[in-house]
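Biologist: Could you take me slowly through the metal site of this protein and the enclosed space beside it in your account? I would like the answer as one connected walk, beginning with the protein as a whole.

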Amino acid sequence: MTAQTPPTCIACGGPTRLYIEEIWDDRYGSPGKFSIRKCDRCSQMVTSPMLAETDLPALYSRYYPRREVDLDAIRKEADAVLLEGAAEKRQREGTDNQGHYLVKPGQRVLDIGCGSCVSLLEVRNLGAESWGIETDPNVRAIADHFGLTVHIGSIHDNPFPGVDFDLIVLNQVIEHVPDPIALLKLVRGRLRPGGKVVLAFPNAGSLNKRVSRRQWINWHIPYHLHHYNKRSFALIARQAGYRVASARTITPNVWTMLQLRAFGDVTAEGQASTAWTGAGPSIPKDASFAMRWKNRFATRATGLAHGLIGPINRVADRLGMGDSLLVELVRE
Ligand SMILES: [Zn+2]
């Protein structure tokens, strides 16, 4: 694997220093030890070594969980957007954290990293036209089934030539990209006059990150290459020719549930976490008494905290300290 970590901060050019030493893939158990470097000036962070673009396909196909393709479930999930009270439910659960929900009827939307195509179907259900880009070739069959226009590849391939968009969304994508400024510049060229780009990504300036420290679930090493905060992301957007029209946090309650479970989980390098497979925190046979107790406590706490998570997240979001940023960009 190739180290390509930029020597200085990509947001402001400032010096970076070691922030977290010895961190590894505590979700899926891919091998390797990494560190996180933090900018002295703007607190932008970067995973080090940062994997090269050429390493990523092998890493994702080997370790990243393949989406289970259940076409009925996809349709059902997308149709729920039309149910009465759907917007209120999203607000309560913090699932409003995705850019495509800002669509207006009649608009043209491009979803970069559209995954299972649920968002594209939701956009269609909401009366707009949707296009998608996705690297996972498994998505081809889903798109064809639902009659959706999806390019398998990347925006660098210049898909859908001649089509420009009112809204371009990147939901949980920009943190996986080696060169976010290059990507944002390309995206900018595909906007219609007055169009906007909406990005959702983890907030490395969140309250949860401060509390969880090295156990923060959104380090997601080594898949997350850059770790943004509100201020550093605005600097990056400016370099790509945008200004920030709005930035707020919306934290999915399920993220917090997973964070609580991750606290109780014990992983070593190369070991997958069962908090991400639904089997409950793993307790190794040789775990200490304290570690066993911690695991049991985390499992109980997750159950007890279920009713508290929503209200706490909504307060954190009101303060702009939640775990997921939603940023709207317009051309400068
Ligand atoms: Zn910086």
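What percentage of the 332 residues in the protein is buried?

Modeller: Buried residues make up 49% of the 332, where buried means under 20% relative accessible area, exposed over 50% and partly exposed in between, with a 1.4 Å probe and protein chains only. Please keep in mind that this is a predicted model, in which local features need pLDDT of at least 70 and side-chain atom pairs count only at pLDDT 80 or more, while totals for chains, interfaces and linings use all residues. Residues are numbered from 1 along each chain as its sequence is written, and side-chain values use heavy atoms, with hydrogens and water left out.

The mean pLDDT (the predictor's confidence in each residue, from 0 to 100) is 89 for the protein, and 88% of its residues reach 70 or more. Over residues 278-283, however, the value is below 50, although this stretch has 19 contacts in the model beyond near neighbours in sequence, a contact being heavy atoms within 4.5 Å. The protein has ten helices and eleven strands, which are DSSP runs of H or I with at least four residues and of E with at least two, numbered from the N terminus.

Now to the metal site. The zinc ion has as its protein donors (N, O and S atoms within 2.8 Å of the metal, or 3.2 Å for Na, K and Ca) the SG atoms of Cys 9, Cys 12, Cys 39 and Cys 42, at 2.2 to 2.3 Å. Along the sequence, the spacing of these donor residues reads C-x2-C-x26-C-x2-C. The angles among the four donor atoms run from 98 to 119°, and the site is tetrahedral, because four donors count as such if all angles lie between 85 and 135 degrees. Both Cys 39 and Cys 42 are buried.

Two of these cysteines also belong to the enclosed space you asked about: Cys 9 and Cys 39 are among the residues lining the largest cavity, together with others including Pro 6, Arg 37, Met 45 and His 226. The elements giving two or more residues to that lining are β2 (34-39) and β3 (45-48), and β2 gives the most, with three. On a 1 Å grid over the protein atoms alone, a cavity is a set of points where a 1.4 Å probe fits but cannot get out, and lining residues have an atom within 4 Å of a point. The largest one holds about 70 Å³ of space, and the whole structure has two cavities of 30 Å³ or more, a volume being the space filled by probe spheres set on the points, which are joined across faces, edges and corners.

Notes. Four donors count as tetrahedral if all angles lie between 85 and 135 degrees; four count as square planar and six as octahedral if opposite donors are over 155 degrees apart and all others between 65 and 115; anything else is irregular. On a 1 Å grid over the protein atoms alone, a cavity is a set of points where a 1.4 Å probe fits but cannot get out, and a pocket is an open set with protein on both sides within 12 Å along at least five of seven lines; lining residues have an atom within 4 Å of a point.
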